[in-house]
Amino acid sequence: MRRLCSWASAFVALALAVPAAAAGTSAAVTETGTGAAGVASAGPTAFAEGPVRAALARLLPRHASQFTLVPVSRPASGDYFTVSGDPGRLRVEGTSPAVILSGVNRYLKYTAKVDIGWPGDSTAKLPRILPAPAGTVRGDASVPHRFALNDTDDGYSGAYRDWASYERQIDLLALHGANEVFVQMGADAVYQRTFQEFGYSRDELASWIPGPAHQPWWLMQNMSGFGSPVSQRLLDDRAALGRRIADRLRQLGMTPVLPGYFGTVPPGFTARNPTGPVVPQGRWVGFDRPDWLDPRSPAYTQVAASFYRHQRDLLGDSTMYKMDLLHEGGRPGDVPLGDAAGAVMNALQSARPGAVWVLLGWQKNPSAQLIDAVDKSRLLIVDGLSDRYDGLDRETTWHGAPYAFGTIPNFGGHTTIGANTAVWAARFDQWRTKPGSALKGIAYLPEGTGTNPAAYELFTELAWRTGPLDHRAWFAAYAERRYGGADPHAAAAWELLRTGPYSTPSGTWSESQDSLFAARPRLTATKAASWGPGAMRYDASTVRRALAELLRVAPGLRTTDAYRFDLVDVARQALADHSRTLLPRIKAAYDAKDLAAFRQRAAEWKGHLALLDELLATDTRFLLGPWLEDATSWGATEEERAAAEFDARSVLTTWGDRSGSDAGGLHDYANREWSGLVSDFYAMRWTKYLDSLDTALATGRTPVAIDWFAVENAWNLERTAYPVHASGDPVALATAVHEALPAPQPTAPVTGTGGAAAPLQAWRRSPERAALSPAGAGTAPSRSSSRVACTGCPTGR
């Protein structure tokens, strides 16, 4: 795997050597920010400054020395930070290292007016001497729990990332206020060591544990074995990385939320352990589920004790453990769920007295039987549906158990922009302040991270506000800091995006529709992933018009990393949205047996796919190459590299074997628009399909049936190397996208699938196409591919 360069290690060491700011007691602070009124209580230094100083040096290497970081004790009222000082001499106090970073972020956003997003930043626009805030600004956390990461994050965000990638993720989570982070890395080694004590060999367990990209669903008891066997070296390396991740979270005052043990066992457990009856769990979308060990049995108590002992040895301790009983269709058999829950909680408390059991609010989970069987004060439900449905009453449903307001604005790592942000802005504060509220936190739960930076920033900011969020004003401020300066076209673009993809309503979905370019080919396709919106959830003209406005942003602001990312992302979305207009036209031509019209529209579809791939190639965050390079870098042998690459490829495409992919409907669940994946997988499929329809029209015969799984899995087994560096001019390619699409016409949202307010009349009348400025556009790159075929050779994110 890739390692930190020696110079980077030296830089961190240098940052740690910066003299710590004197801190012993905290001074009284003046309330001038948005937090609750109050004065910080004096107290001794609560933690070491070194880790937060090092994080700040990574985030702001040119300006970190201008900050004095002051640890203060946490009062009974909860976490808070203050920011004060003079130009070039800023003082940030906070109740944990991560809270101090949250204070730095508040300063950057609302005083310096720059953005460090996930992804994209505008810190290049910071002046050499940082400005001072107007007085002392204080921010208070409105909730104690600020939870981050879905159980699926490692699978869909990159199971083969290196330490530098996780370090960046942790820094960004801390910067945006998270204090509880789910960590699954290393859980495979814990299971292996545990079950070696119960009659299983290393080889048996290596075949039971899936490849890393599929492990989240094994940990949730959905499946096992796919992409196995895993090597011992891989397990050992993952355990070491998991420990490093957990330790860094602890150093920053954040809680690593570790997987708990709820009863998953390998095949044949009872034959080896007669005191351990199991309940067969049936199947999960085409996969055999692992058996569930009856938590009331003596064997469960023994296995749980072993699990927590090995977890402590490998990953250290925690105060929070995440696990869900009978996830997505599991079977209790003859085991009363309340009795099972009580036994699971007892085992956890025996191993970690006082620990909190974290559960996901999803479908009918957790049940009232589970909640009522345990001490509710030791529960935290991270709700994945807070913004998805209407009429929710979590206090009644969950019998007063504490919960976190959560969102899943992304499934499978889709690159689609948008979220129910207006619902968040109104509903979070309503739920938090209503009489008898049990809301105690927020939970940021996208299935894949690293997309949709505006949604991430808005959602995480809720936990540091004590009043409602003004949706329009927030996006206006975001538009200014996102590119490091005020610009009327940036403001217009983000107002359009706010009223369109970022104002989708609750009631049916929490994410926007995916792209039909990524769908398994058929003329009647309405979505790529089986479980997703089947129609537009907002007025598509808002995105097209936003692209036109972004292309008119002043050249001086186009140099920021955030602008380049957003421009590519919005242009990508505009093309993806148009796929829903173009595909029905292709179908109409085919149904009419109009060969000329069919060929014209099929050529347009293929052309858009080619243009899309070139656009995506201009930004490394939209490249397939790093994803595959990350995977192969973990292999020590050619066999290990091939297995890792198959694991990483398949989770994006077929997801699993034929049964899970076809009958289970998992194919394209993790679709995303990345250069390389578009050209060599999605375009390959559509070309094969459209050409077959062309032949059918030309000959008058029935189209030849295509075995899509066979075609897709053949790609999974390839070893083609893809670029890991960006190429081309994003402004030129985004301009080409704008020119390739028809002029936008405002349309009403589709009835029953959501929608948003129409753009302002001024923007409806603005002649964007004619007014596009060529300044800074550069020269369009060649349409020829720059990737190198490397079938069968080793490749080396």
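1. Let's start where two helices touch. Y300, A304, Y308 and R312 in α11 meet A343, V344, A347, L348 and A351 in α12. Sorted by class, the residues of this α11–α12 contact are 8 nonpolar, no polar and 1 charged. Please keep in mind that you are looking at a predicted model.

2. Now for the geometry of that pair. Helix α11 covers residues 298–315 and helix α12 covers residues 337–351; their axes come within 10 Å and cross at roughly 40 degrees. That angle makes α11 oblique to α12. The crossing in which α11 passes α12 is right-handed. If you wonder what to note for any such pair, two packed helices are described by the angle between their axes and the distance between the axes.

3. Next, have a look at helix α20 and helix α21 (residues 595–616), whose axes come within 10 Å and cross at roughly 165 degrees. Because angles over 145 degrees count as roughly antiparallel, that is how α20 lies relative to α21. Here α20 passes α21 in a left-handed crossing.

4. The list of residues joining α20 and α21 is worth tracing on screen. On the α20 side it includes V568, A571, L575, L582 and I586, and on the α21 side it includes F598, W605, L611 and L615. Charged residues take part too: R572 and R585 in α20 are among those in the contact, as are R601 and E604 in α21. By class, the contact of α20 with α21 divides into 16 nonpolar, 3 polar and 4 charged residues.

5. A third pair is α19 (residues 540–550) with α27 (residues 730–740), where the axes come within 10 Å and cross at roughly 135 degrees. These two helices are therefore oblique to each other. As α19 passes α27, the crossing is left-handed. The residues that meet are R544, L547 and A548 from α19, and A734, V737 and H738 from α27. In this contact of α19 with α27 there are 4 nonpolar, 1 polar and 1 charged residues.

6. What about the nonpolar interior? The largest nonpolar core has 239 residues, and F195, Y261 and W357 are those with the most contacts inside it. Helix α20 (residues 561–591) gives the most to this core, with 14 residues. You could pick F195 as a place to zoom in: leaving out residues up to four places away in sequence, F195 touches Y200, L205, W208, Y261, T264, V265, P266, F269 and V303.

7. Loops deserve a visit as well. V183 sits in the loop between β6 (180–182) and α6 (187–196). Is V183 buried or exposed? Its relative accessibility is 4%, so V183 counts as buried. Apart from neighbours within four places in sequence, V183 is in contact with G242, I245, L249, P256, V257, L258 and P259. The C-alpha atoms of V183 and R243 are separated by 9.6 Å, although these residues are 60 residues apart along the chain.

8. Finally, try A617, found in the loop between α21 and α22 (625–632). A617 has a relative accessible area of 13% and is buried, since buried means under 20%. Which residues does A617 contact, leaving aside neighbours within four places in sequence? They are L623, S675, A726 and S727. Along the chain, A617 and P723 are 106 residues apart, yet their C-alpha atoms are separated by 8.5 Å.

Conventions: Residues numbered from 1 in each chain as written. Predicted model: local features only at pLDDT ≥ 70, side-chain atom pairs only at ≥ 80, totals over all residues. Heavy atoms only, no water. Axes fitted to C-alpha atoms, helices over the stretch in contact; angles between N-to-C directions. Helix = DSSP H or I, 4+ residues; strand = E, 2+ residues; numbered from the N terminus. Parallel < 35°, antiparallel > 145°, perpendicular 65-115°, else oblique. Left-handed = near helix turned anticlockwise from the far one by under 90°. Contact = heavy atoms within 4.5 Å. Nonpolar A, V, L, I, M, F, W, Y, C, P; charged D, E, K, R; others polar. Core = buried A, V, L, I, M, F, W, Y, C linked by side-chain atoms within 4.5 Å. Buried < 20%, exposed > 50% of the residue type's maximum accessible area, 1.4 Å probe, protein only.
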